[in-house]
Amino acid sequence: MEGNPKTYFVFNERSILISYNCPTNSKLISNISNTKKRIVTHMNDCIVDIVQSINSILVIFDRTKISADDLIKKLKRIEDTEDDLSKYNKIWQIPVCYDFKYAVDLENLAKEKKLSPSEIINIHKSKIYDVLSMGFLPGFMYMGFTDEKLHCERKEIPSLNIKKGSIGIALNQTCIYSQDSPGGWHIIGISPLDFFDLKSKNPCFAKPGDKIQFIEISSKKYQQMKKENSVKPIYK
Amino acid sequence: MIKVIQPGLFTTIQDGGRHGYRNIGIPTSGFMDEESAWAANKIVNNKKNESLFEITLTGPTLAFNGNYVISITGGDFNPLINKLPVKMYQPINVKLGDTLKLNNTINGARCYIAVSGGLKVKSIFGSKAFFSNITDSYFLKKNDEIKVSKKSKNKILKWDRFNFKLNRSIEVFKGPEFDLLSSNSKNKLFKNEFTISTNNRMAYNLVEKLQVGTKSIISSPVLPGSVQLTPSGKMIILHRDCQTTGGYPRILQLNISSLNYLSQLKSTDKIKLRLINL
């Protein structure tokens, strides 16, 4: 992404933060995820860990292999021009049951937004989202950006027990809870898929930079898929 | 094999941590006080990031079901083997049937027990470090049995002299959002003392508040040692088990040595921050 203002900030003795000072949109997400891939490919030997977020990349490096100054020089050389790397970013189709039984905050949110529950569902599922970043819990996905009609604050009082697979919305984003957890997002549905598999070498099928499309399923279908247990996510 | 007779307050197994998974939200974990843990491992000729026991505030009682060489470093928990005091920071030969008891801390908040050969527990995503929802347990329980990887040959040739230092200052770099602070807050940060409030492996909270009403930022990467400022003015120093991203402004960043030192402090202890340049 030529011409985009970027800063290289030495975060601590082992980390460089690359910040993008430009509007956060789908294009930026895809550029950041391409840059991240390029850094991993070209500099794997001196990188310990790397975290991609909505408008920045954190690079944690091995101090015994490279200095911060040399790393910044190398990072600057990795041009983040748009290229066909984005074709490797998959679009995952995620089945979601929006039944009130699981969508515990749907009714309240609908009232708050002066929309009907089915309008909220339709707006939510009509868009393809970018996986912006992962965090909070292993495999917890932040996705964006939601339609303006769905923008909302987090709940004032967080729920103590949100079920694994729950789909939430807050701010301009939507999320998936990869495990049972407390949390403050408005829960509007649930997916039967496993979003974090401890036993797998590749514990999360989706990665920041991938895209997510929600496919509505019935409560019956949800229970059936949940029982089958081995339902694999599909991608286009 | 080593059997847990009493687990103590919060005894875990740690190593150099889980690297390469922060992008999918898995914390690094690992030794809270890296310096003390590395010393413990070096004394028994282990690799510096080998797995060992991390003890917090109140120590465990461990029974040895074999002959091993161990070392104890970090905070002083008045260690006793078969009720007799043993020296820290040197190799100790323990025999089958021996019992090691660590008491309440005398100084420091954490100590480390390394066993020559390392501990034989399941490695998940490249690390044996305990973490909730990743490893089977988050802390050791009574009657847990931990195997030792290699039986020691009892051949400890030499070891470097290490020592344990408290009373250091907490050195910090400016964080990415340092400039969201008012000049009054900046003055306060480096003039005043701060008191440690509740703390654990994820974060150390501070009692004294800073400016109120600082807006959240777009959810961004954080690190152990990042100092976050909440809208209510509360400061949180993230530690080894912290989440990988956060939405509070990152006003400061502890250097690694200060992060190690912080893990030896406990509630009500006072700290002073000192701004340094990288």
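Domain bounds here come from an automatic or database domain assignment. On that basis, chain A of this predicted model splits into two pieces, domain 1 covering 6–88 and domain 2 covering 91–235. Taken over C-alpha atoms, the centres of these two domains of chain A sit 28 Å apart. As for what actually touches, domain 1 of chain A puts 7 residues in contact with 5 residues of domain 2 of chain A. Helix H1 of chain A (residues 26–43) supplies the largest share of the domain 1 side, namely 4 residues. Sorted by class, that side of domain 1 of chain A holds 2 nonpolar and 5 polar residues, with no charged ones.

Chain B also comes in two parts: domain 1 spans 2–148 and domain 2 spans 170–275. For chain B, the C-alpha centres of domain 1 and domain 2 are separated by 28 Å. The contact between them draws on 16 residues from domain 1 of chain B and 13 residues from domain 2 of chain B. On the domain 1 side, the elements that chip in two or more residues are helix H1 (34–43) and strand S10 (107–115) of chain B. Of the elements on that side, S10(B) gives the most, with 3 residues. The class breakdown for this side of domain 1 of chain B is 5 nonpolar, 6 polar and 5 charged residues.

Next, the strands of chain B. Seven of them make up an open sheet, with antiparallel pairing and the order S7-S6-S9-S4-S1-S12-S11. Strand S7 (84–85) and strand S11 (119–120) of chain B are the edge strands; each has a single partner strand, so one side of each is left without a neighbour in the sheet. In general, strands of a sheet pair through backbone hydrogen bonds, in either a parallel or an antiparallel way. At the S11 edge, S11(B) is joined by 2 bridges to strand S12 of chain B (residues 145–148), and the two run antiparallel. Zooming in on that pairing, Leu119(B) has Val148(B) in S12(B) as its bridge partner.

That leaves the meeting of the two chains. Here chain B contributes 25 residues to the contact and chain A contributes 32 residues. Looking at the chain B side of this contact by class, there are 11 nonpolar and 13 polar residues, plus 1 charged residue.

Terms used:
Residues numbered from 1 in each chain as written. Chains lettered and ligands numbered in written order. Predicted model: local features only at pLDDT ≥ 70, side-chain atom pairs only at ≥ 80, totals over all residues. Contact = placed C-beta atoms within 7 Å. Nonpolar A, V, L, I, M, F, W, Y, C, P; charged D, E, K, R; others polar. Pairing = 2+ DSSP bridges.
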